[in-house]
Amino acid sequence: MLTQARTRRSDDNRREYCTECGEKAPQRAKITIEQTHGDAVVAENVKFARVPCRTTVCLRCGATSRERMNE
Ligand SMILES: [Zn+2]
């Protein structure tokens, strides 16, 4: 039974522009941490070597797109 449980699902399925579809389509987004360098990272540079990326998957056509979030 569905009451008005407005839990925060803002990052679940939301409609965003998909370049493959050419229009807005439901997307599933998730945040991943990407390592931009190998293991030879100085401790001070760790925060620069790890970049949060937002990966979205188009639920209509299956296209994935990633964008970095540190800009
Ligand atoms: Zn699409």
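Below is a friendly exchange on how the labels for this predicted model follow from their cut-offs.

Me: What should I know about numbering and filters before I start?
Reply: Residues are numbered from 1 along each chain as its sequence is written. As this is a predicted model, local features need pLDDT of at least 70 and side-chain atom pairs count only at pLDDT 80 or more, while totals for chains, interfaces and linings use all residues.

Me: What is the mean pLDDT of the protein, and where is confidence lowest and highest?
Reply: pLDDT is the predictor's confidence in each residue, from 0 to 100. The mean for the protein is 78, and 62% of its residues reach 70 or more. Confidence is lowest in α1, at a mean of 67, and highest in β2, at 89. Where pLDDT is low, the predicted coordinates should not be read in detail.

Me: How do you know which elements the protein has?
Reply: Helices (H or I, at least four residues) and strands (E, at least two) are DSSP runs, numbered from the N terminus. On that basis the protein has one helix and four strands, in the order β-β-α-β-β from the N terminus on.

Me: Why is Ala49 called partly exposed?
Reply: A residue is buried if 20 or more other C-beta atoms lie within 10 Å of its own, exposed if 12 or fewer, and partly exposed in between, with C-beta atoms placed from the backbone. Ala49 has 15 C-beta neighbours inside 10 Å, so it counts as partly exposed. Ala49 lies in helix α1 (residues 46–49). Its C-alpha is 8.0 Å from that of Glu34, with the two positions 15 residues apart in sequence numbering.

Me: And what makes Arg15 exposed?
Reply: Its count is 12 C-beta neighbours inside 10 Å, so Arg15 counts as exposed. Arg15 belongs to strand β1 (residues 13–18).

Me: Which residues does Arg15 touch, leaving out those up to four places away in sequence?
Reply: Two residues are in contact if their C-beta atoms, placed from the backbone, lie within 7 Å. By that test Arg15 touches Lys24, Ala25, Pro26 and Gln27. For Ala25, the C-alpha to C-alpha distance to Arg15 is 5.0 Å.

Me: What makes β2 and β3 a pair of strands?
Reply: Two strands pair if DSSP finds at least two bridges between them. Nine bridges join β2 to strand β3 (residues 50–58), and the two run antiparallel. Glu34 stands opposite Val51 in β3, and Arg28 stands opposite Val57.

Me: How many bridges join β3 to β4?
Reply: Five bridges join β3 to strand β4 (residues 64–68), again antiparallel. Val57 has Thr64 as its bridge partner in β4, and Cys53 has Arg68. The hairpin of β3 and β4 has five residues between the strands, and there Gly62 takes a positive phi near 85°.

Me: Why is β4 said to lie largely in the open?
Reply: The number of buried residues among its five is zero, so β4 lies largely in the open. Strand β2 (residues 23–35) is hardly covered, with one buried residue among its 13. Across the 71 residues of the protein, 4% count as buried.
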